[in-house]
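Visitor: Please take me through one part of this model in close detail. I would like the sheet, and then whatever else deserves a look along the chain.

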Amino acid sequence: MTDFVGRRRELKELREDIARTGLDTLSGRKAKAPRARVLLVAGRPGSGRTALAEEFVREVAHEYPDGVLRTRLVLPGGETVDTERAVRGLLEGLGLPTPPGAGEDELSSALRTALNGRRVIILVDDAADPHQVDALLPDTPECLVVVTSEGPLTGIPDVRPCTLGGLDTPSAVELLARHIGDTRVTADPRAADALAEECGGQPAALGLVGGWLAARPKASVADVAKQLHEMPGLAGGPLARCFRLVYESLPQPAQRTLRLLPLAPAGLVDSHTTSALAGCSVAAAQATLDDFAGLGLVQGAHDGLFLLPGCLAPMLQALLEAKERPAEVQLARARMLERTVRLLHSCGAMASADEEEVREVLDGLPRALRFPDRRAAATWLDTRLPALSAAASLAVADGELDTLARRLVAALVRALAEHRGTAGAAPELYGLHRLVLDVAERRGLHREQAAALLNLADLDAETGRTHEALERYRAALVAGKAAGDPYATGRAMESVGGAYQELADWHRAADWFGRALSQALARGERADEARLYGRLGNVHTYAGRYGDALRSWRAAAAGYRKLADVPGQAKALSEMARVQEYAGRPEESLHTCREAVELARRAGDQRLQAALQVRLADTLDRLGDPAAARLHRSAADRLLGDDPAACEIRSDID
């Protein structure tokens, strides 16, 4: 059943506006570069502007075969959605990857490029600022953008707002009848007309009254109309009076539960969130939410989720502030965050391959917090991610629940990494690491600050923002030293060297790798020593300092030998053979390469064996022994077939 009725005139105006001549052309001004046509549906909260926009999109969707993208720019609680997050959501809707940490301009450019040549509708719900919308506009007239807002968007050219008032009386009565049935409307049509008038023709108000009447089959339409008429005037007009009617009819526990719902992040509530906020059982919370949905107090979404209507949020927030003590509100918020942390632990555990770990985590959780399988856990994570991200942001911004905020962010990071992999979750992880950094800086937690900076810098480096990564690695080094954390300082020094290597600054790269190596030698960290000798060898090779490179690779090979790491030793020797060849010492390269082949054979690394056989063949060609070279190439072919890419030596030492 759809709640959309009437508005035929508005729908006709919107359709005609698609092809109407622009305001700039009519005024004689020079038109700018072609952009998508923007249609604006303006109206007060509760006027049905979103329902009208959705109905219009359904009617014209067949003319835009590349689909419909949706985004919301204001959350039910009134918080503005970051433009970066909105653009990122649209790109993900197109199935395109979004680089972690990318700024608004970069993402907007990527969106416009992706939409070039496509016929797409973008539905932008609840825009508060023209700048938000401008960042989403495609540079192609083949696309259509439909925006809902409370007022005009004066910063967007060629936009004629379709302004909504109340529904006409027949449409309002029809909407009421969809909630309570035709019998009571037909029995007293004048009372139905009067009730529609008392509701101001507002769909949200009619939905509340209709839900209230539907729950009371014996109540008459005339009595409700009279009750609303005699109710004192309220600031919110008809919607506020209808809300007061429904709210005051609820039992006291349900009233309190409803008052606490504005604490739900992003306006998304489910049985667990409601249970934690109200301090009741999950089953009782689910029953209460179902009742609220029937009364129009929440909107049913999917997968057990409900959405708090934005038009009701201000009234609920006012009740929350007037009737709940701050200490009780803080306790409810803490219970909600604690429940979310436990659900995230359960969700992350379901993705683990370690059955013992899964059993250990689940044994410590009530049955209501467990997921039946990995797929159910992944679905929960995907559907709740907007609320989970908002919960983390709000907890960090609150400043009074930092311990819970840190636990929440850590649990969300782990769950995302377990289910999506670090690369797949990188865009979300970038924002979460920034939240950790905010808390660490506020609390003076140098160890956490260093970890967050290193994580952010790694994501910057992976997306090509090397200079930004370098600055963060240096900041992490400072924080690591302040914390007295040798791991963080060593990791930061090595990463600074890696950033300089990426920038082809070989001298600084060698200097920083050397600093990290000195610390590893002082602490006796043999695995780090071997790896860092290899990184130094790479830098010296790139810089053409072959003597230094050979000494470094020789030390790396010796380190791997002491660790009994045969594959590592084989790769180090293969790099050593390469440097010897560059240095014009083919006989030594041949000897080293043969030694590396034997080690690769012992390690069972056929890919490395094949690559070394090809290197041996190239060296033998240069030494004037083509017959032996052919034998080694044949050996490489037997090992890995005819895939030439398989014969590249890819050292993981650096």
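Guide: The sheet comes first, then a helix, the rings and two backbone oddities. This is a predicted model, where local features need pLDDT of at least 70, side-chain atom pairs count only at pLDDT 80 or more, and totals for chains, interfaces and linings use all residues. Residues are numbered from 1 along each chain as its sequence is written, and side-chain values use heavy atoms, with hydrogens and water left out.

The sheet is open and has five strands, in the order 2-3-4-1-5, with parallel pairing. Strands here are DSSP runs of E, at least two residues, and helices are runs of H or I, at least four residues, each numbered from the N terminus. Two strands pair if DSSP finds at least two bridges between them. At the edges stand strand 2 (68-72) and strand 5 (161-163). Each has a single partner strand, so one side of each is left without a neighbour in the sheet. From one strand to the next, the twist averages 20°. Axes are lines fitted to C-alpha atoms, for helices over the stretch in contact, and angles run from 0 to 180 degrees between N-to-C directions.

Look inside the sheet now. Strand 1 (residues 37-42) and strand 4 (residues 144-149) run parallel, joined by six bridges. Opposite A42 stands S149 in strand 4. Helix 3 (residues 49-60) lies across strand 1, strand 2, strand 3 (121-127) and strand 4. The helix runs at about 165° to strand 4. Contact means heavy atoms within 4.5 Å.

Helix 7 (residues 169-180) is next. Its twelve residues reach 16 Å from first C-alpha to last, close to the 16 Å expected at 1.5 Å a residue. The expected span is 1.5 Å times one less than the number of residues. Buried residues of helix 7 include S171, V173, L176 and I180. Buried means under 20% relative accessible area, exposed over 50%, and partly exposed in between, with a 1.4 Å probe and protein chains only. The buried residues of helix 7 pack against helix 8 (182-187), helix 9 (189-198), helix 10 (203-214) and helix 11 (221-230).

Now the rings. A search of the whole structure finds four aromatic pairs. Rings of Phe, Tyr and Trp (its six-membered ring) pair if their centres lie within 6.5 Å; planes under 30 degrees apart count as stacked, over 60 as edge-to-face and the rest as tilted. W506 and Y542 form a tilted pair, 5.1 Å centre to centre, with 35° between the planes. W506 lies in helix 25 and Y542 in helix 26 (residues 526-542), so the pair ties together parts 36 residues apart in sequence. W506 is partly exposed at 24%, and Y542 is partly exposed at 43%. Y546 and Y582 have ring centres 6.2 Å apart and planes at 50°, so this pair is tilted.

Charges meet rings too. The charged end of R119 sits over the ring of Y64, 4.8 Å from its centre. R515 lies over the face of W512, at 3.9 Å from the ring centre. The test asks for NZ of Lys or CZ of Arg within 6 Å of the ring centre and within 35 degrees of the ring normal.

Last, the backbone. Most residues other than glycine have a negative phi. A266 has a positive phi of about 60°. A266 sits in the loop between helix 13 (252-260) and strand 6 (268-269), and is buried at 12% relative accessibility. A504 also has a positive phi of about 60°. A504 lies in the loop between helix 24 (486-502) and helix 25 (506-523), and is partly exposed at 43%.
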